[in-house]
Amino acid sequence: MTILRCNKCGHLDELPPEVAGTTVPCARCHAPGQVYDTVHFIGKVLEKLFALQVEAVRLRAAGAGGQLLARGAAAIPAADTFDPHNSDVLSTELQHGPIREWFQRRQIRVRTNPKAVDTTGFFDEVAVAIGKNYGALKEVVDRIRFAQLKGFGQATINLDRKTSEQAQLITSFCRQLYDYSFVAKCLHPRDDKPLRLVLQTAPAIREFFNGDWLEWLVLMTLLESARAHGRRYSCARNLQITLQNDETFELDVFFLVEGERPVCVECKSGEFRQDIDRCLTLRKRLGIDSDHFIVCAAGLGADQAGGLSSTYDLTFCSEQDLRERLDRMFAADSQRSARIA
């Protein structure tokens, strides 16, 4: 059979097959109309219907993302009332909402850990202290981590071959660890004898020295850079994601800037070369630009970071160069947005 739909009055009529492809007058208003084969006509209608459904889903997702972003941004106090080093305003489901929505639009399951961005503790302060003087304090972190892995109760820090400035810096840092209860005791006899640290056994402290310190440092550096450039953001640490093929990944630090621009930083406090392929795969799966997918490797030299960035579609940097890298990234984004506008 064939179908006639009048474009003038909307009348539908069923006609014999032999008139398919011809023009006949409408039985109601007598305006000329095209006669279509029934299967062909229904196929075209369904194509338009499916296209409209896809567009409706996209618009609903975009609207929900915008609402979540607005609510998430509203949950963050103004800069003069929000201390990033001592606040729990980021550790809410509301603040993580835009991030969940971003992954869901890509059909990626995500599990957030709001507690991982709670800065009311001392993790961020100790991490920043390590980052400022990593060259001098690396030995302290490594010795504590080694002692923890071996199940030792103490770690010994030799100061006899240090300059007076280095010895003073290490001693001050170890006393800070004691003040914040990151170690149970800090024993420092006179006469240049080794400094002894009695270790804590709490899992959170063990994980901190095992590499979490770099994640905290990266988080705080991103917070400071985003705020300095006046960006709205949602942030997360230790995101667990599951792709459509059920492959799982953990993202160390993830920022969603202005509700749509992702920034992912993988933190490597030890050997990282075996993870390069994994980072490349993850960046491509998420569709993140190489400038916005950063591998922050502690102690990485500037020349080596530049060579690795040129070799792979990733951005490499050290903890010392991260802030400068982020500032350049945000500045480039601002220039790009200005050109588009």
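This dialogue concerns salt bridges in a predicted model.

Biologist: How many salt bridges does a search of the whole structure find?

Modeller: The criterion is a side-chain nitrogen of Lys or Arg within 4 Å of a carboxyl oxygen of Asp or Glu. A search of the whole structure yields 18 such pairs.

Biologist: Which residue forms a salt bridge with Asp246, and what parts does the pair tie together?

Modeller: The partner of Asp246 is Arg109, with the closest N and O atoms 3.2 Å apart. Asp246 sits in the loop between β9 (233-242) and β10 (248-257), whereas Arg109 belongs to strand β5 (residues 109-111), so the contact joins parts 137 residues apart in sequence.

Biologist: Is Asp246 buried or exposed?

Modeller: A residue counts as exposed over 50% relative accessible area. Asp246 has 53% relative accessibility and is therefore exposed.

Biologist: How should one read the pair Arg145 and Asp142 in helix α4?

Modeller: The two residues are three apart in helix α4 (residues 134-150), which means that about one helical turn separates them. Their closest N and O atoms are 2.9 Å apart. Arg145 is buried, at 18% relative accessible area, while Asp142 is partly exposed, at 22%.

Biologist: Which residues are linked with Asp142 in a network of salt bridges?

Modeller: Lys138 and Arg145 are linked with Asp142 in that network.

Biologist: What separates Arg323 and Asp327 in helix α9?

Modeller: About one helical turn lies between them, because they are four residues apart in helix α9 (residues 322-340). Arg323 and Asp327 form a salt bridge whose closest N and O atoms are 3.0 Å apart. Arg323 is partly exposed at 30% relative accessible area, and Asp327 is partly exposed at 23%.

How values were computed
Residues numbered from 1 in each chain as written. Predicted model: local features only at pLDDT ≥ 70, side-chain atom pairs only at ≥ 80, totals over all residues. Heavy atoms only, no water. Buried < 20%, exposed > 50% of the residue type's maximum accessible area, 1.4 Å probe, protein only.
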